[in-house]
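Reader: I am in my first year and would like a close look at a single part of this structure, the sheet together with what packs on it. Could you take me through that part slowly and explain each term when it comes up?

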Amino acid sequence: MKRLTEDQCRAAMETRDFGLDVRGAGETVAVVLTQSWCPQWVAMRSWLDAAERDSGSEVFLLEYDLEPFFDEFMEFKETVFGNRSVPYVRYYRNGVLISDSNYLSKDGFQKRLRG
């Protein structure tokens with residue numbers, strides 16, 4: 001799992017989606033946007049590395065409450081992506097958004113990646 005950088009997040013805020021360096025990092029990519037305190041995130045975190053390995057996908061993570069641009073990113077996520085819940089996951093195939101969700105089980109997560 002890779003952590004999103006501030007530059008990648010600021011670029012997303014500017015262009016309204018993540019760049020190809022993120023969404024095109026593999027055939028299938030998941031971007032997890034969450035806050036560190038979220039109990040559902042803690043549960044998801046326990047199986048996410050295995051799900052990434054099992055699916056052969058790339059997974060990016062941002063716990064945005066720990067970032068200096070927290071307020072700005074949260075507003076972006078809630079207004080542009082239209083999602084106020086955490087964890088929030090965006091699923092890409094070949095660089096194109098195919099789905100999004102909030103918390104899912106490991107099986108549900110892997111099904112979304114398969115499209």
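Author: What follows is a walk through the sheet, strand by strand, and then through the helices that lie on it.

This is a predicted model, in which local features need pLDDT of at least 70 and side-chain atom pairs count only at pLDDT 80 or more, while totals for chains, interfaces and linings use all residues. Residues are numbered from 1 along each chain as its sequence is written, and side-chain values use heavy atoms, with hydrogens and water left out.

Two terms come before the rest. Helices (H or I, at least four residues) and strands (E, at least two) are DSSP runs, numbered from the N terminus, and two strands pair if DSSP finds at least two bridges between them.

With those terms, the sheet can be described as an open one of five strands, in the order S1-S3-S2-S4-S5, with mixed pairing. Its edge strands are S1 (2–3) and S5 (96–101), each of which pairs on one side only. In general, strands of a sheet pair through backbone hydrogen bonds, either parallel or antiparallel.

Starting from the S1 edge, S1 and S3 pair in the parallel sense over two bridges, and Lys2 stands opposite Phe60 in S3. The next pair, S2 and S3, also runs parallel and is joined by six bridges; here Thr34 has Glu63 in S3 as its bridge partner. On the S4 side the sense is antiparallel, for six bridges join S2 (residues 28–34) to S4 (residues 88–93). Along that pairing, Val31 stands opposite Arg90 in S4, and Thr28 stands opposite Arg93 in S4. Finally, S4 and S5 run antiparallel and are joined by five bridges, with Val96 in S5 as the bridge partner of Arg93.

The turn between S4 and S5 deserves a pause. These strands form a hairpin with two residues between them, and in it Asn94 takes a positive phi near 50°, although Asn94 is not a glycine. To describe its surroundings we need relative accessible area, where buried means under 20%, exposed over 50%, and partly exposed in between (1.4 Å probe, protein chains only). Asn94 is exposed because its relative accessible area is 58%.

The strands S3 and S4 contrast with that loop residue. Five of the six residues of S4 are buried, so S4 is largely enclosed by the rest of the structure. S3 is mostly covered, with five of its six residues buried. Just before S4, in the loop between helix H4 (70–79) and S4, lies Pro87, and the peptide bond that joins Val86 and Pro87 is cis, with omega about -10°.

Now to the helices on the sheet, for which contact means heavy atoms within 4.5 Å. Axes are lines fitted to C-alpha atoms, for helices over the stretch in contact, and angles run from 0 to 180 degrees between N-to-C directions. Helix H3 (residues 39–55) packs on the sheet, where it touches S2, S3 (58–63) and S4, and its direction makes about 155° with that of S3. Helix H5 (residues 106–114) packs on the sheet too, touching S2, S3, S4 and S5, and its direction makes about 35° with that of S4.

Within H5, the residues Gly108, Phe109, Gln110 and Leu113 are buried, and what covers the buried residues of H5 includes S2, H3, S3, S4 and S5. H5 is followed by Gly115, whose phi is positive, near 75°.

H3 and H5 also meet each other: their axes come within 10 Å and cross at roughly 40°. That angle makes H3 oblique to H5, because angles under 35 degrees count as roughly parallel, over 145 as roughly antiparallel, 65 to 115 as roughly perpendicular and the rest as oblique. The crossing of H3 and H5 is right-handed, a word used when the near helix is turned clockwise from the far one by less than a right angle, whereas anticlockwise is called left-handed. On the H3 side, Met44, Trp47, Leu48, Ala50, Ala51, Asp54 and Ser55 take part, and they meet Lys106, Phe109, Gln110 and Leu113 in H5. By class, this contact of H3 with H5 has seven nonpolar, two polar and two charged residues, where Ala, Val, Leu, Ile, Met, Phe, Trp, Tyr, Cys and Pro count as nonpolar, Asp, Glu, Lys and Arg as charged, and the others, Gly among them, as polar.
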